[in-house]
Amino acid sequence: MPEQDASDAKHFHEEVPQRATPFFLKGSGAYDWGMQHRLARIFRPESGRTVMLAIDHGYFQGPTTGLERVDLSIVPLLPQADALMITRGMLRSVVPSASQPGIVVRASGGPSVLKELSNEQLAIDVDDAARLGASAMAVQVFIGGEFETQTVHNLTRLVDEGYRRGIPVLGVTAVGRELVRDARYLGLATRICAELGAQIVKTYYCEPGFEQVVAGCPVPIVMAGGKKLPELEALTMARRAIDAGAAGVDMGRNIFQSEVPAAMLKAVRAIVHEGLSPADALEVYRSAS
């Protein structure tokens with residue numbers, strides 16, 4: 001038995017009100033402690049932003065250029081990423097369990113690039129996401145797509161399951177080939193995801209009006225990188241998205257298809273967390289190449 005604490009010299013600081021620090025992330029103040037804790041694995045509390053590395057492309061298009069050997073091309077980049085968007089198969093196969101980035105596990109899928117992409121179903125049991133230690137689950141939502149209602153239902157089912165286990169949901173606004181990535185469409189798609197419970201929304205950058213898309217979404221928006229661009233163009237897009245209020249970027253091809261992926265990831269971090277201009281971030285890229 002431990003001895004009794006009989007000291008009278010206790011300090012309760014009665015004159016100091018108990019502190020309860022508000023959670024730093026937009027729209028997240030009412031979540032349970034566990035969900036906030038997982039969000040803080042994705043977004044850095046000191047900046048309120050994230051640099052997410054997206055490498056889940058293989059779930060519908062197979063061995064994407066730059067991702068042929070994830071163990072060789074991506075694992076060395078992990079110390080520089082705040083979060084990693086990945087499928088559970090690739091996570092278990094090649095990612096060291098001691099890796100530090102928050103894990104955003106792909107939770108929807110079904111059709112390959114050869115079929116109608118909007119015909120997705122949920123592709124993971126939430127208990128398995130919990131076993132993986134996932135910081136969030138990502139689900140594709142095809143607003144305006146052939147299977148729009150089905151993908152919205154995927155989102156709402158995942159949100160319900162996520163609340164039961166304290167795991168946030170990232171709603172990904174998928175844009176079909178026939179749809180225009182303008183502020184009106186992206187504002188519609190992001191708002192629907194947030195209204196139906198997504199704790200984070202990933203969407204594309206647009207001009208003009210991206211700041212209105214962000215302002216109209218009550219939860220954090222993370223900018224999707226999209227197709228491979230020249231380095232300066234990709235850095236400029238990231239800078240403009242952050243200036244318009246985005247809470248970070250989720251880039252894939254613009255990093256792992258860069259000539260020097262590690263240098264590009266470092267330059268993107270300089271944009272998101274350090275506030276560098278595109279020109280200065282390009283110098284970071286060149287000096288690290």
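This tour proceeds from the whole chain to single helices, a pocket and a few individual residues.

**The whole chain**

Begin with the entire protein chain, which is a predicted model. The chain holds 12 helices and 10 strands. Along its principal axes, the C-alpha trace spans about 75 × 45 × 40 Å. The radius of gyration is 20 Å, which agrees with the value near 19 Å that a compact globule of 289 residues would have. Of the 289 residues, 51% count as buried. Consider next the contacts between residues at least 6 apart in sequence: 65% of them join residues at least 24 apart.

**Helix α1**

Select residues 33-42, which form helix α1. Which residues of this helix are buried? They are Met-35, Gln-36, Arg-38, Leu-39 and Ile-42. Turn the view to look down the axis of α1: the buried residues fall within an arc of 160 degrees, so they line one face of the helix. A general rule helps in reading this view: an α-helix has 3.6 residues a turn, so residues three or four places apart point the same way. Now display the elements against which the buried residues of α1 pack, namely the strands β1 (50-54), β2 (83-86), β3, β6 (136-141) and β8 (200-204), together with helix α6 (148-165).

**Helix α12**

Move to residues 278-288, helix α12. Here the buried residues are Pro-278, Ala-281, Leu-282, Val-284 and Tyr-285. Seen down the axis of α12, these residues occupy an arc of 150 degrees, so they too line one face of their helix. What covers them includes α9 (231-243) and α11 (261-274). Rotate to the face turned away from the buried side, where the exposed residues Arg-286 and Ser-287 are found.

**The second largest pocket**

Select Leu-91, Pro-96, Ser-97, Ile-103 and Leu-132 together. The second largest pocket contains about 240 Å³ of space, and of its 13 lining residues these five are the closest to its centre. Which elements each supply at least two residues of the lining? They are helix α4 (88-94) and strand β3 (102-106). Sorted by class, the lining has 6 nonpolar, 5 polar and 2 charged residues.

**Leu-122**

Select Leu-122, which is found in strand β5 (residues 121-122). Is this residue buried, partly exposed or exposed? Leu-122 counts as partly exposed because its relative accessibility is 24%, and buried would require a value under 20%. Leaving aside residues up to four places away in sequence, Leu-122 touches Ala-107, Ser-108, Val-139, Asn-154, Arg-157 and Leu-158. Add Cys-217 to the selection: Cys-217 stands 95 residues from Leu-122 along the chain, and their C-alpha atoms are separated by 24 Å.

**Two points in the backbone**

The last two stops concern backbone geometry. As a general background, most residues other than glycine have a negative phi, and most peptide bonds are trans.

Select His-13, in the segment before α1. His-13 is not a glycine, yet its phi is positive, at about 50 degrees. At 47% relative accessibility, His-13 counts as partly exposed.

Finally, select Glu-207 and Pro-208, which are joined by a cis peptide bond with omega about -5 degrees. Pro-208 lies in the loop between β8 and α8 (210-215). Strand β8 has already appeared on this tour, among the elements that pack against the buried residues of α1.

Conventions: Residues numbered from 1 in each chain as written. Predicted model: local features only at pLDDT ≥ 70, side-chain atom pairs only at ≥ 80, totals over all residues. Heavy atoms only, no water. Buried < 20%, exposed > 50% of the residue type's maximum accessible area, 1.4 Å probe, protein only. Helix = DSSP H or I, 4+ residues; strand = E, 2+ residues; numbered from the N terminus. Arc of directions from axis to C-beta. Contact = heavy atoms within 4.5 Å. 1 Å grid on protein atoms, 1.4 Å probe; cavity = no way out; pocket = protein on both sides within 12 Å on 5 of 7 lines; lining within 4 Å. Points joined across faces, edges and corners; volume = space filled by probe spheres on them. Nonpolar A, V, L, I, M, F, W, Y, C, P; charged D, E, K, R; others polar. Rg over C-alpha atoms; globule rule 2.2 N^0.38 Å.
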